[in-house]
Amino acid sequence: MKEIVIISGKGGTGKTTITASLAALWKNTIIADCDVDAADLHLLMQPLTKQTNPFYSGKLPNIDMNLCNECKKCIEVCEFNAIRNDFSVSKIDCEGCGTCAFFCPTGAIRLEDRHCGEWYLSETRFGPMVHARLGIAEANSGKLVTLIRKEAKQLAEKKGLDLILIDGSPGIGCPVISSITGASLVVIVTEPTVSGIHDMERVLGLTSHFQISSSVIINKADLNREMSQQIESVCKNCNIEVLGRIPYDRIVTKAMVEGNPVVEVDNGPVTQEIQSISHQIHNRLYSNQ
Amino acid sequence: MEFKKIIIAIASGKGGTGKTTVATNLAKTVTGQTVTLMDCDVEEPNAHLFLNPEIREEEPVDIFIPRVDLDRCTHCGKCSELCQFGAIVTIKDKVLVFPELCHSCLGCKRICPVEAIEDDKKAIGTVSMGFSESVRCIYGTLKIGEAMAPPLIQAVKKAGLSKKVSDLSIIDAPPGTSCPVIEAIKNVDFVVLVTEPTPFGLHDLKLAVGMVRILEIPFGIIVNRSTTGDRQVWHYCHKENIPILLEIPDEREIAEGYAIGKLMIDLKPEYKNKFQNLMNKIHQTIASSAKVIA
Ligand code: SF4
Ligand code: SF4
């Protein structure tokens, strides 16, 4: 089974647009949205949700005021200042470390499973989709990403499908690490700007740190030729293949506003380039077997 | 006008909407006040690419992880029982520590009955400090492969807000609505949410609005590339009674300047006025919401 993950380092480079287009071209892949913090893929996939499941992760202390003798031990031992003077717990600050519960002399603190969001099994016109919604201001995004990948794999096995297409999150931290570890191929979408290059270099550092094979797509490649050239030479130096150079075209935003993957509504240069990228990814995934 | 010292954060649910553009241009617009810009997008810090600060100090940041003194350890297993993250595991005559799982809660150290747990350190990144003309710039850089950004964000904020607090402190927050963002915008006076008028922009804006409402921080919105996409963001803001503080049209010149690290106010000086107005609106909103609370 192959997992291909689309990430970007910098946000807003077109990662989700490209993921949606690949999903539309390939059909019959499992689609997984691991950008749980700002999940947007469903806006283009328009999934029909078949199953909604709660996502529990970590712990949250529940203080029973009938047993509490107000000794303040919990407040003292909490490294995160999550317990207020009235013994209420600030959900936003609590890490769920449980130290308070272990130190409470009267046993007034019970650790409960923390409800952090929802995850869904859905059908789309391009194939089955696993996605999620992390509760606002909730932590444990990495754990949710791991869960989605696990469910996507199970679903792939059940349906006899071989390929999982994953929309990752921006950055290089916890959810990104969870979405790329052990993947078959990481595709980094960048843009020809100083930020785009800087952030791409950091993500390339990350993929090489975890020894995951990766390649690059330059989106809006004609926005600044010099910067595009610079991306090409960075990639060349690191021995990273540039899979394609998608030109800037307003059709992309237009398609998004209409809720469609751009390849479904356009036959121009953008779509042609994404088609060629799609072939190259296939070749890479299935050539050296 | 006399202003009290304020801290504002520039955030957005969706990435790439123009947070850094707003933060850097705003920092360079304000005159007659001391300004500090803190780039809290420690996974992908970008503000320095536009401000080119001369870095004067660079400090490593590390967090607590436990080290077990095996001479004292009696293998009672209390630390492992407490740790919710599986970061410290007791097996027969050994105690294993997994630094990448540790949340630095100090619980194991506190619970150990024979004081066998000592402080060890794990490097998570650096905080850099310098000046771009009169603007003080501070930014964090998360070490590659390191998963947890919040402690580094905390260190960046501490560097900027513990002593010599500027009249205006601007925080460039990471994208999203989960723990790193919360860490970045916690305890600020005002949040500016930058969005773009597309379905993705609106969807993520709604999440961001939910977040600032939970935190009960006054906020307003900037619509970037306001001449693209559709009108849904305006409808939403109108319905929800959210002030739109500034609209920035989609102009090739701005985009091209951004590509090579140029500030908007340098390319188009008329934007200085717009950012100055933005600042005035923010001051007014803070003043009026303070009245409401009082
Ligand atoms: S679980 Fe940990 S972080 Fe949460 S309130 Fe208790 S001691 Fe504090
Ligand atoms: S500091 Fe907390 S998270 Fe780290 S090993 Fe000790 S108990 Fe576990």
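Which residue in S6(A) does A:Ile6 stand opposite? That partner is A:Asp167. Keep in mind that this is a predicted model, so here's a quick tour of the strands, cores, domains and ligand shells, with a couple of individual residues thrown in.

**Strand S1 of chain A**

- Strand S1 of chain A covers residues 2-7, and six of its six residues are buried, so the strand is largely enclosed by the rest of the structure.
- A:Lys2, A:Ile4 and A:Ile6 point one way from S1(A), while A:Glu3, A:Val5 and A:Ile7 point the other way. Both sets are buried, the two charged residues A:Lys2 and A:Glu3 included.
- On S6 (residues 163-167) of chain A, S1(A) finds a parallel partner, with five bridges between the two strands.
- S1(A) also pairs with strand S7 (residues 185-190) of chain A, again in the parallel sense, this time over four bridges. In that pairing, A:Ile7 sits opposite A:Ile188.

**Nonpolar cores**

- In soluble globular proteins, nonpolar side chains tend to be buried together.
- Here, the largest nonpolar core has 124 residues, and those touching the most other members are B:Ile8, B:Ile170, B:Ile185, B:Val191, B:Leu193 and B:Ile282.
- There's also a second, separate core of 33 residues, with A:Ile18, A:Leu44, A:Val189 and A:Ile274 among its members.
- Back in the largest core, take B:Leu193. Beyond its neighbours within four places in sequence, B:Leu193 has contacts including B:Ala11, B:Ser12, B:Leu205, B:Ala208 and B:Val209. Others on its list are B:Val212, B:Phe219, B:Gly220, B:Ile221 and B:Ile222.

**Domains**

- Chain A splits into domain 1 (2-46 + 125-286) and domain 2 (57-115).
- Taken over C-alpha atoms, the centres of those two chain A domains are 40 Å apart.
- Where they meet, four residues of domain 1 of chain A are in contact with six residues of domain 2 of chain A.
- For chain B, the division gives domain 1 (6-61 + 125-293) and domain 2 (70-115), with 40 Å between their C-alpha centres.

**Ligand shells**

- Around ligand 1 you'll find A:Pro61, A:Cys78, A:Phe80, A:Ala82, A:Ile83, A:Cys94, A:Glu95, A:Gly96, A:Cys97, A:Gly98 and A:Cys100.
- By class, the shell of ligand 1 comes to eight nonpolar residues, two polar and one charged.
- Ligand 2 has 13 residues around it, and the closest are B:Cys83, B:Cys102, B:Cys105, B:Leu106 and B:Cys108.
- The ligand 2 shell holds 11 nonpolar and two polar residues, with no charged ones.

**Two residues to look at**

- B:Phe85 sits in the loop between helix H3 (78-82) and strand S4 (88-91) of chain B.
- Why does B:Phe85 count as buried? Because its relative accessibility is 17%, and the cut-off for buried is under 20%.
- Setting aside neighbours within four places in sequence, B:Phe85 is in contact with A:Glu95, A:Gly96 and A:Cys97 from chain A, plus B:Leu101 and B:His103 from chain B. Those three chain A residues also turn up in the list around ligand 1.
- B:Ser289 is 204 residues from B:Phe85 along the chain, and their C-alpha atoms are 40 Å apart.
- A:Ser228 belongs to helix H8 (residues 225-237) of chain A, and A:Ser228 is buried, with a relative accessible area of 9%.
- Outside the four-place sequence window, A:Ser228 is in contact with A:Pro192, A:Ile218 and A:Ala221.

Definitions and conventions:
Residues numbered from 1 in each chain as written. Chains lettered and ligands numbered in written order. Predicted model: local features only at pLDDT ≥ 70, side-chain atom pairs only at ≥ 80, totals over all residues. Heavy atoms only, no water. Near = heavy atom within 4 Å. Buried < 20%, exposed > 50% of the residue type's maximum accessible area, 1.4 Å probe, protein only. Contact = heavy atoms within 4.5 Å. Domains from an automatic or database assignment. Core = buried A, V, L, I, M, F, W, Y, C linked by side-chain atoms within 4.5 Å. Pairing = 2+ DSSP bridges.
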